[in-house]
Amino acid sequence: MNRNKILKELGKPLFAIIISLLIGALLIIPTGTSPIEAYSLLFKGAFGTWQGFCSSLAKATPLLFTGLAAAYAFRAGVFNIGVEGQLYFGAITAALVGVYLPALPAYISVPICLIAAMIVGMIWAFIPAILNIKLDISIFITCIMLNSIAQLFSNYLATYPFKGELPIGATYKIGENSILPKLAGPMNDLNLGFVLAILVAIILHILLFKTKFGYESRASGISSSFSKYIGINAAKRTVIIVMISGAIAGLAGAEQVMGVNYRYISDISNGLGYTGITVALLAKNNPLGCIITAIFFGALNNGAIQMEVMSNISRDLISSVQAVMIVFIAADFAINSIKSRKKNNLKTKNKKGDNIC
């Protein structure tokens, strides 16, 4: 990739971030606080201290998992918007396995919980994929419906049959041997899940850009007709891609249970799956780029807490800034999709014309 293309790829996300922050500044002015002061507090809360920096990484961890899950699917041309639901089933699975698994050494118990969450995430992702292939039902529509089912059913399990000792919808605490080790002290949420997420990003990058499977996946994402031309089984490829994506989303849920809350709590995600889609699009679906964008979003969320404490500005302002970013990114994604579709249609027409001649 030449320098101009790199600058062009980076330009749009940076433009979206800058415009969003400027709009956020306009929203801050009526509160009587200087936008510079507010953003300084946000930056200080996110990176001003070692504990603040680690807390930013902790908040980035689930977003990195969900961002990677979305980025991998999008890069292969499959719009897996079901990351949120796959996260929920990964979380409830990790919690139940962690609670009811017999006492085993941590080096056995932790992998079992993680693998169980990945498997259930894969199974849940398999449903929209197979419906799309066999019945031609839109993955987009089924994923949206399945997200709600996954969230409500997981909450039901934690509220009734597997309810723990707390007076809320939550399971029992998982066993000590199923907890992910802390990386920045007992009071900080940063845990081994962050290292695992970085490893997943590197593995996905190698898989996508250094292997034949990755080449075929990217070819499917660029043009379905081209992928058929080079002999790729699109149906089989779609199932595999969505299931890998679902497994990564399951890890996001497992990390929240095993490294942060130590149990499943109703509505544990709070939109982490949907925010992960923004993380992926902002990174142009590049796994390594997701590391940067996930940390950026984690820093925004963590810094917003400091900003709220030290000023009269609600942390909801940062949610508004993120929403503006989503609008810009979604608009760019939609425009590129329309352009790509028109380009493919034109090529198809030209090809038919050549055949007639």
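A residue counts as buried when its relative accessible area is under 20%. Arg263 has 10% relative accessibility, so Arg263 is buried. That is a value from a predicted model. Arg263 sits in the loop between H10 and H11. Its side chain does not lack a partner: the side chain of Arg263 reaches the backbone oxygen of Thr171 at 2.9 Å.

Step back along the chain into helix H10. Gln256 belongs to this helix. Its relative accessible area is 10%, under the 20% cut-off, and therefore Gln256 is buried too. The side chains of Gln256 and Glu255 are joined by a polar contact of 2.9 Å.

Helix H10 spans 234-261, and it also helps to line the second largest pocket. Four other helices each supply at least two residues of that lining: H3 (50-75), H11 (272-282), H12 (287-310) and H13 (316-356). The space in this pocket is about 770 Å³. Its lining counts 29 residues. Nearest the centre lie Lys59, Ser269, Asn270, Leu272 and Asn301. What is the make-up of the lining by class? It has 14 nonpolar, twelve polar and three charged residues.

Now the membrane annotation. An unreviewed UniProt entry lists "transmembrane region" for residues 12-30, 50-74, 81-101, 107-127, 139-158, 190-209, 230-252 and 317-335. Two of these spans can be checked against the model. Residues 81-101 are 86% helix and 0% strand. The end C-alpha atoms of that span lie 31 Å apart. Residues 107-127 are 100% helix and 0% strand. Here the end C-alpha atoms are 32 Å apart.

Between helix H4 (83-100) and H5 comes a loop that holds Pro105. Pro105 has a relative accessible area of 34%, between the 20% and 50% cut-offs, so this proline is partly exposed. From Pro105 to Ile206 is 101 residues in sequence. In space, the two C-alpha atoms are 32 Å apart.

Helix H5 runs over 106-135, and the loop between H5 and helix H6 (139-159) contains Asp136. Is Asp136 buried or exposed? Its relative accessibility is 66%, over the 50% cut-off, so Asp136 is exposed. The backbone of Asp136 also deserves a look. Its phi is positive, about 60 degrees, although Asp136 is not a glycine.

Lys284 repeats the theme in another loop. Lys284 lies between H11 and H12. Its phi is positive as well, about 55 degrees, and Lys284 is not a glycine either. With a relative accessible area of 23%, Lys284 is partly exposed.

Finally, the cysteines. A disulfide is a covalent bond between the sulfur atoms of two cysteines. How many disulfides does a search of the whole structure find? The search finds zero. Cys143 is in no disulfide, and its nearest cysteine sulfur, that of Cys290, is 18 Å away. A disulfide needs sulfur atoms within 2.5 Å, so the 18 Å distance rules out this pair. Cys143 has 1% relative accessibility and therefore counts as buried. Cys113 is buried as well, because its relative accessibility is 0%.

Notes
Residues numbered from 1 in each chain as written. Predicted model: local features only at pLDDT ≥ 70, side-chain atom pairs only at ≥ 80, totals over all residues. Heavy atoms only, no water. UniProt positions renumbered as here; feature names shortened; annotations may be inferred. 1 Å grid on protein atoms, 1.4 Å probe; cavity = no way out; pocket = protein on both sides within 12 Å on 5 of 7 lines; lining within 4 Å. Points joined across faces, edges and corners; volume = space filled by probe spheres on them. Nonpolar A, V, L, I, M, F, W, Y, C, P; charged D, E, K, R; others polar. Buried < 20%, exposed > 50% of the residue type's maximum accessible area, 1.4 Å probe, protein only. Polar contact = N/O pair within 3.5 Å; in protein donor to acceptor, adjacent residues only side chain to side chain.
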